[in-house]
Amino acid sequence: MTTKVRRRLTTLFCADVEGYARLMEADETGTLETLRRCRAAMATLVERHDGRIVNTWGDAVIAEFPSVVEAVQCAVETQQELFAFNGGLPEPQRMRFRIGIHLGDVMVEGDDVYGDGVNIAARLQERAEPGGILISGPVYDQVHNKLAIGFDCLGQQHLKNVSNPVTGYRILQRGAGAPPRAAGPDVRVELAAPRDPGRQVQDGLASALDWWRSLPRASAVLIAVALFLFLTNVFSGLGHIWFHWPVAALLLVALLRASRRRPP
């Protein structure tokens, strides 16, 4: 009898160990024991957040969650717990997981899930930092205004065997502190667009006008008269006219009066 293949929208959580082959080469028995302890801790957190582990081949862990928020919370708490666990191990023995999360449509056959959604989560995990979490754009859209954690936008990610680029967001973790709270602002870090030179000129003129308006009346009048005489001289074409130096002296007096009488 053929098992019916169904489809559903779900949140895929994929994790694996950075440098697993190196750890196994150095100490097979110790690495396997550490892996078992890390997986046990991860399984407890997955269950606590209403998820289920789909597969655990090699050093990988694949889980699915009906809630995107619960999946991200589970990932953050997992990295916090593993951070604390690694703190008690010598540096060469520390086991750091990378986690990728994606919200997508998958095929379900029995207890297994297949499809592009699983592949995207796995490819995001490969690009995550050791001890880090990388999520896709659909996941970010669902959680950025529900969790008090930061997000660093990494832009379009061209993933292996995925035809369309996927926007990636790195979760900015706060170390091994408290788990994320609900309903807090996010921090989205992106490159700022270069400022328009015309806009910079307008801003400069506006600032100068505000400064002139804030001066005492006598100083403001002196500066206005000096500026008027200077412009008259320039645009009349009479560059040799005698009031060049009187205008400079008048402007200097006005600026000195402004600096002395302007409040601190």
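How many bridges pair strand E1 with strand E3, and in which sense do the two run? Colleagues, the answer is 5 bridges, in the antiparallel sense. The structure above is a predicted model, and I shall begin with its strands before turning to the core and the largest pocket.

First, the overall figures. The protein contains 8 helices and 9 strands. Of its 264 residues, 38% count as buried. If one takes the contacts with a separation of 6 or more, 71% of them are between residues 24 or more positions apart.

Let me return to strand E1, which covers residues 6–17. Its partner E3 spans residues 61–65, and within this pairing Phe13 stands opposite Ala63. E1 also pairs with strand E4, residues 97–109, through 12 bridges, and these two strands run antiparallel. Here Asp16 has Arg98 in E4 as its bridge partner.

From E4 we may move on to strand E6, residues 133–136. These two strands are parallel and are joined by 3 bridges, with Gly100 opposite Leu134 in E6. On its antiparallel side, so to speak, E6 pairs with strand E8, residues 166–172, again over 3 bridges. In that pairing Ser136 faces Gly168 of E8.

Which way do the residues of E6 point? Ile133 and Ile135 point one way, while Leu134 and Ser136 point the other way. All four of these residues are buried.

Strand E8 offers a contrasting case in Thr167. Why is Thr167 classed as partly exposed? Its relative accessibility is 22%, and because the partly exposed class runs from 20% to 50%, that value places Thr167 within it. Leaving aside neighbours within four places in sequence, Thr167 is in contact with Ile135, Ser136, Gly137, Cys153, Gly155 and Gln156. Its C-alpha atom is separated by 9.9 Å from that of Leu124, a residue 43 positions away along the chain.

I now come to the nonpolar core. The largest one has 37 residues, and those touching the most other members are Phe13, Val72, Phe97, Ile101, Ile135 and Val143. Helix H3 supplies the largest share of this core, namely 8 residues. Another core lies apart from it and holds 9 residues, including Cys14, Val54, Ile62 and Val108. Several names are by now familiar: Phe13 is the residue opposite Ala63, and Ile135 is one of the buried residues of E6.

Val143 deserves a word of its own. Beyond its neighbours within four places in sequence, Val143 is in contact with Val68, Val69, Val72, Ile135 and Phe151. Of these, Val72 and Ile135 are listed with Val143 among the core residues that touch the most other members.

Finally, the largest pocket. Rolling a probe the size of a water molecule over the atoms reveals where empty space remains. The largest pocket encloses about 230 Å³ of space. Its lining comprises 14 residues, and Gln79, Leu82, Phe83, Asn86 and Gly131 lie nearest its centre. By class, the lining consists of 5 nonpolar, 7 polar and 2 charged residues. Which helix gives the most to this lining? It is H3, residues 68–86, with 5 residues.

To close, I would draw attention to helix H3. H3 gives the largest share of the largest nonpolar core, and H3 also gives the most to the lining of the largest pocket. Thank you for your attention.

Technical notes
Residues are numbered from 1 along each chain as its sequence is written. This is a predicted model: local features need pLDDT of at least 70, side-chain atom pairs count only at pLDDT 80 or more; totals for chains, interfaces and linings use all residues. Side-chain values use heavy atoms; hydrogens and water are left out. On a 1 Å grid over the protein atoms alone, a cavity is a set of points where a 1.4 Å probe fits but cannot get out, and a pocket is an open set with protein on both sides within 12 Å along at least five of seven lines; lining residues have an atom within 4 Å of a point. Grid points are joined across faces, edges and corners, and a volume is the space filled by probe spheres set on the points. Helices (H or I, at least four residues) and strands (E, at least two) are DSSP runs, numbered from the N terminus. Ala, Val, Leu, Ile, Met, Phe, Trp, Tyr, Cys and Pro count as nonpolar, Asp, Glu, Lys and Arg as charged, and the others, Gly among them, as polar. A nonpolar core is a set of buried Ala, Val, Leu, Ile, Met, Phe, Trp, Tyr and Cys residues joined through side-chain atoms within 4.5 Å. Buried means under 20% relative accessible area, exposed over 50%, partly exposed in between (1.4 Å probe, protein chains only). Contact means heavy atoms within 4.5 Å. Two strands pair if DSSP finds at least two bridges between them.
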